[in-house]
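Here's a quick tour of a two-chain model, with a focus on how the chains meet. Have a look at the sequence and structure first.

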Protein chains: 2
Amino acid sequence: MDTQTLVERYWQLANARDWAGYGALLSPEVVYDMPQTRERLTGREHYLEFNRTYPGQWRAELLQVIAQEDRAVSVVAMHLNGSVETGITFFEFTNGLITRLTDHWPAPYVPPPRMTAAIEFY
Amino acid sequence: MDTQTLVERYWQLANARDWAGYGALLSPEVVYDMPQTRERLTGREHYLEFNRTYPGQWRAELLQVIAQEDRAVSVVAMHLNGSVETGITFFEFTNGLITRLTDHWPAPYVPPPRMTAAIEFY
């Protein structure tokens, strides 16, 4: 399986709550980091527990994947309890297994004053 | 120039304030989006003006690039007026020029309560 396909399967299996299939994509020593909160999970069992017990209704809509042989990034629209958040996940692979995930959740913010008048809002 | 090299040059030229060289990487119709604020700049001249007039001291430290033939993503540590912010930029290319940039600035936040005790802080 190439890394693009691995990332697609990762999200399909998460949405299906197929934790056996999902866990089979993970290295036993996988590390999951959230740099914005500096939270970390180490090891497949801990990471599976985190996902299995994540509260509320959620479904990841995969918007984009950029993949190289040993690394990839995905962008998802995470539908969570009726709202939508953007998730950006970086993946590292070794021998076809995910060894590291780094997850970013960029939230809306009020823009600062800008020096240019050319800004539009969409 | 491959897309990995284009992204590296993009940040080198930005740090050097070499706006002629930087502009030469951009399509005249480039679109720059910041989804968190829904701000948009359209066209090379507007985007150059935005960058040329960006206030304060800033330097982008390039941490990672993932590149395919027509798309790439970079992660930078943006050193801005003595602090550091993470910037995640998605690039789209047509005929070797940047046609679209989508920029995310995921900021620190207080984590919600978690259902698992396995979380560590790093």
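## Ground rules

Two strands count as paired if DSSP finds at least two bridges between them. Helices (H or I, at least four residues) and strands (E, at least two) are DSSP runs, numbered from the N terminus.

This is a predicted model, so to speak with cut-offs attached: local features need pLDDT of at least 70 and side-chain atom pairs count only at pLDDT 80 or more, while totals for chains, interfaces and linings use all residues. Residues are numbered from 1 along each chain as written, chains are lettered from A and ligands numbered from 1 in the order written, and side-chain values use heavy atoms, leaving out hydrogens and water.

## One chain

Chain A carries three helices and seven strands, in the order α-α-β-β-α-β-β-β-β-β along the sequence. Its C-alpha atoms fill a box of roughly 50 × 35 × 25 Å along the principal axes.

## Symmetry

How does chain B map onto chain A, and by what turn? A turn of 180 degrees with a shift of 0.0 Å along the axis lays chain B on chain A with an RMSD of 0.0 Å (least-squares superposition on C-alpha atoms of residues with pLDDT of at least 70 in both copies). That is the relation of a two-fold axis. The same surface serves both copies, as 100% of the contact residues of chain B recur in chain A (contact means heavy atoms within 4.5 Å).

Within chain B, B:Pro106 comes closest to the rotation axis, with its C-alpha at 2.0 Å.

## The interface

Each side brings its share to the contact: 45 residues from chain B and 45 residues from chain A. Together the chains bury about 4300 Å², 59% of it on carbon and sulfur atoms (accessible area, 1.4 Å probe, lost on putting the two parts together and summed over both). On the chain B side, B:Gln36, B:Ile66 and B:Tyr122 lose the most area to chain A, together 18% of what that side buries.

## Bridges across

The rule finds two salt bridges across the interface (a side-chain nitrogen of Lys or Arg within 4 Å of a carboxyl oxygen of Asp or Glu). A:Glu39 forms a salt bridge with B:Arg114, with the closest N and O atoms 2.7 Å apart.

A:Glu39 also has a backbone role in the DSSP pairing, where its bridge partner in β7(B) is B:Phe121. Two bridges join strand β2 (residues 39-42) of chain A to β7(B), and the strands run antiparallel.
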